[in-house]
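Trainee: Got a minute to go through this one with me? Put it up and I'll ask as we go.
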There are 2 protein chains.
Amino acid sequence: MDKLSIVKIGGNIIEDNEQLGKFLTAFTKIEGGKVLVHGGGKKATFLAKKLGVPTKIVDGRRITDEDNLEITTMIYGGKINKNLVAQLQAIGCNAIGLSGADGNAIQAVKRPVKEVDFGYVGDITGINTSFFKLLLQAQYVPVCCAITHDQKGQLLNTNADTIAASLAKSLSKFFNVALYYCLEIPGVLKNINDKESLIGVITPNIYNELKSNNLIHSGMIPKIDNCFEALYNGVSQVKIGSAQMISGNTKYTKLILDDE
Amino acid sequence: MDKLSIVKIGGNIIEDNEQLGKFLTAFTKIEGGKVLVHGGGKKATFLAKKLGVPTKIVDGRRITDEDNLEITTMIYGGKINKNLVAQLQAIGCNAIGLSGADGNAIQAVKRPVKEVDFGYVGDITGINTSFFKLLLQAQYVPVCCAITHDQKGQLLNTNADTIAASLAKSLSKFFNVALYYCLEIPGVLKNINDKESLIGVITPNIYNELKSNNLIHSGMIPKIDNCFEALYNGVSQVKIGSAQMISGNTKYTKLILDDE
């Protein structure tokens, strides 16, 4: 099967022009098919403040109301996505920016209301693999923003980590998929304040141990859950590290299943 | 050759949800390949006002500075484009939103500075016809916003009428292209205040006559110039009318060459 690398980057690198330039150059050099998935939280928060749109947080989780969805669509789907694509094009990478609505790429449902109504937040229900195959086989490089749609006309704000993992799982039926999560930190750390405490390898057993010793902080848990779910569903390789990981110049955390 | 319809809509119909819904339904029913091209000026002006970004006008023409380009990218490439795509997807049209940077679809150069520096405004230099052919042959429906790129990382604000005409000309080598300009008014009028004064057919000779009698107002001239240039370059049909023209229920202005 052909190789496919799916790389997720967060808001931090998008904010830093120099780091972003280096990352995009390294990304472009990855051999084989590739997909970039991006968030971009800070720019959305900044625009929301400028427009006087309040950020609603319930139980520590952000609520996406209509105004916030509009901002997300403008920032993720417009400003960040189109600028990333233009920058990639400038260095010879034939990028194409996508929301989940484009080509019906990523289908979702509005998250069902239980205790909290998260608003216009999407839970992914399907990936249009034939669309991604069409683009990848023609050497195009999809650049996916953190927006999906419900196939009824509604755009939905969707976690970029989950988009990357869902793409990896679905496309692993057709490609030999490596999934990369690029963070501000060098990977999964035993001590969040000590960059030297990088954990080189995490298996499900090690993960359970780390969790029971409270050595993994809250934001990392859904990310690692996404990673293992990807591995259990056909993804060949999962790595968590800094953006420099893509150029192969730094250590990172590799996630593997216990029987590997 | 396969039929291809290229339809340009302006800001007025995008602002009107009911009219937009009717238009998109009619657009979806067009047989054969189709491309939608949209502007969206009013929403950009509205956001600029909210953000306190001044609109610069020199000699009656808008200047696109960095702040205005950012707004254009958010509104055209993000908000309007993604919502149009989601709405088309909801009615069974497999739309894919594109800026000119996506897939290197539409290449441009920053307009050379003569008397006026128009800022980040693009003059089109090329169309990636193989990209459009790939999408159209796989039954996808490109939805193009009024943004191009210079292949060096710079996005450029570009007139949507010109994008539609350039696409029509370039794709007429591979398709039997019909080009439709949808306006607020029912077509080209002899008297802008009288909707009954619709001119049914315009040839270059009639056009020259109308111009020399000052019967065509300034905004219409570049549009009609675009239309004739398209006809001279292989486009089969060009029509200027209201958005209802697409459903075939209204009169419109047809542009033809003198020898037809």
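Trainee: By what turn and shift can chain A be laid on chain B?
Mentor: This is a predicted model, where local features need pLDDT of at least 70, side-chain atom pairs count only at pLDDT 80 or more, and totals for chains, interfaces and linings use all residues. Residues are numbered from 1 along each chain as its sequence is written, and chains are lettered from A in the order in which they are written. A turn of 180° with a shift of 0.0 Å along the axis lays chain A on chain B, at an RMSD of 0.0 Å (least squares on the C-alpha atoms of residues with pLDDT of at least 70 in both copies). The two copies are therefore related as by a two-fold rotation axis.
Trainee: Which C-alpha of chain A is nearest the axis?
Mentor: That of A:Gly78, 1.8 Å from the axis.
Trainee: And how many residues does the contact take from each chain?
Mentor: 34 from chain A and 34 from chain B, counting two residues as in contact if their C-beta atoms, placed from the backbone, lie within 7 Å.
Trainee: Which element gives the largest share on chain A's side?
Mentor: H4(A), with 14 residues. Helix H4 spans 66-90; helices are DSSP runs of H or I, at least four residues, and strands are runs of E, at least two, numbered from the N terminus.
Trainee: Switching to E5(A): which strand does it pair with, and in what sense?
Mentor: E5(A) pairs with strand E8 (residues 141-145) of chain A in the parallel sense, over 4 bridges; pairing needs at least two DSSP bridges.
Trainee: What stands opposite A:Gly97?
Mentor: A:Val143 in E8(A).
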